[in-house]
Amino acid sequence: MDGRGRDQQGRDDDGQRRARAGILALLCAMAVLLPGSDAHAWELLKGEGYGLNLGGYVQSAGGVVRPGIEGDATYGGLHGQALRLQWRASLGGALMVEFDQRLLSRVVSGALLEEGGSYGLGSSVTPARSVDWEWNLIDEPGVRLTHDVDRLVLRYFASWGEVVVGRQAITWGNSILFPVADVWAQFSPLELDQTEKPGVDAARVLLYPGAGVELDMVISDRGGWEDASFGLRASRTIGDADVSVGGGRFWKRAALLLGVSYDFSEWKARAQGYVPLERDERTGFRPRVTLGADVLRRSWVVGAEYHYNGTGVSEAERYLEPAVQEALARGESYYLGQHYVGAIVGYQGEGRLQANVTAQVNVLDGSVLVGPSLFYALSDHSDVSFGAFEGIGERVSLLPQPEIGSEFGAYGGFYYLQFRGFF
């Protein structure tokens, strides 16, 4: 093929990618415009002892990415869309089936074609699963479309508690910025689609033996029998205090989970810890701990956290160690260093406007990740937001050899506009 033919083929390929991206955008936009006067699920079937409802949301975000590589001035473009359908079937008063489908598209350009991208929709690590229900409908340079079954759950309700079997969302812990006790699945700090947490394949039993007491037992598939995890957590409310104690086998290691929070009326203090009981070859028995405090004042909320990450390294020169990357790859931790401080400030007025700012500081290298966002509710079931993730610090140096100057400086920046619609 001569040069003219190759240029024509390239233009045809670009045109096809743009056409596919346009079709995806149209499909997601149509989902918001489907009939319905509010954001409640549509009742498709209703009978004596049974029913079927359909709800969900569509999310669309686009923006510009500033590379975190020294000397690289090539900005990238990123556009992502998520369409989630949530089917809920009631089978009598005691049984319920949940089935969630997620259609996720990503279109990238510029430097992101070579570097990938950790920002935007779908940046969180998907929990390992033995049964893969994710299909790549389109997987080409710069364009990707995937369909995933993110929930397939059977729930049984009883007077003594609840039994949940299947792909489900499980949240343990009370930390905001640094969730050390959230051992089943965590959101990336750069994830925009935080409406629904990624589902894990598990069997779960919830017991309520007394007032203010909860027992939570989980057995989870991590991709194979040898990787299976299990845990038990007991929680109790004692006056103004909430206390939790748990343990199990998480990420191939036995560990204890400890948590406590106390409401002082004017402010709230909390602590959460993950304490390994089995020695790791690199980190030994080092725990992960988060200490936090929150203050609520009418329309304002202010929170601060200190985080010790035992999975991280104590010298910035060791950021590229494979053992550190293993923890990142499986979503056990999203941080490289050991000591962090963070803060969040939020404002919610009486109208439709809301503003938030988060900041996370790596004490080791002095880098900062700032996340301002401005949110406006267009209606009861749709909203738009403007925001950014800005990494402040030394960038990645590629010559004479790859070196991460600072953790958050390596992230670069992401400046986005986002729309969500619920139905």
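**Close-up 1. A nonpolar patch on the surface of the predicted model.** Nine side chains are worth picking out here: Tyr-262, Phe-264, Trp-267, Val-295, Trp-300, Val-302, Val-345, Tyr-347 and Val-357 make a nonpolar surface patch of about 760 Å². Two strands are good places to start looking, since strand 15 (300–309) and strand 16 (339–348) each supply at least two residues of the patch. Phe-264 comes from a loop instead, the one between strand 12 (253–263) and strand 13 (268–276). With a relative accessible area of 42%, Phe-264 counts as partly exposed.

**Close-up 2. Asn-309, tucked away in strand 15.** Stay with strand 15, which also holds Asn-309. Is this residue, Asn-309, buried or exposed? Its relative accessible area is 0%, so Asn-309 is buried. Leaving out residues up to four places away in sequence, Asn-309 touches Pro-287 and Arg-288, then Ser-333, Tyr-335, Leu-336, Gly-337, Gln-338 and Tyr-340.

**Close-up 3. Strand 6 and its pairing partners.** Follow strand 6 (residues 143–158) and you meet strand 4 (residues 95–108), paired with it in the antiparallel sense over 13 bridges. Strand 5 (residues 134–140) pairs with strand 6 as well, again antiparallel, over six bridges. Leu-145 is a handy landmark in strand 6: it is the bridge partner of Ser-105, and Ile-138 stands opposite Leu-145 too. Strands 5 and 6 form a hairpin with two residues between them, and in that turn Gly-142 has a positive phi of about 90 degrees. Strand 7 (residues 161–168) runs antiparallel to strand 6, and seven bridges join the pair. Here Val-153 stands opposite Gly-166 of strand 7. Strand 6 and strand 7 also make a hairpin, with two residues between them.

**Close-up 4. Gly-409, a buried glycine in a loop.** Look for Gly-409 in the loop between strand 21 (403–404) and strand 22 (413–422). Why call Gly-409 buried? Because its relative accessibility is 1%, and buried means under 20%. Which residues is Gly-409 in contact with, leaving aside neighbours within four places in sequence? They are Gly-68, Ser-367, Gly-391, Ile-392, Gly-393, Glu-394 and Arg-395. For a sense of distance, take Asp-365: Gly-409 and Asp-365 are 44 residues apart in sequence and 9.6 Å apart in space, C-alpha to C-alpha.

Key. Residues numbered from 1 in each chain as written. Predicted model: local features only at pLDDT ≥ 70, side-chain atom pairs only at ≥ 80, totals over all residues. Heavy atoms only, no water. Patch = residues over 30% accessible without salt bridge, like charges linked within 9 Å, V, L, I, M, F, W, Y side chains within 5 Å. Areas by Shrake-Rupley, 256 points an atom, 1.4 Å probe, with all protein chains shown as cover. Salt bridge = Lys/Arg side-chain N within 4 Å of Asp/Glu carboxyl O. Helix = DSSP H or I, 4+ residues; strand = E, 2+ residues; numbered from the N terminus. Buried < 20%, exposed > 50% of the residue type's maximum accessible area, 1.4 Å probe, protein only. Contact = heavy atoms within 4.5 Å. Pairing = 2+ DSSP bridges.
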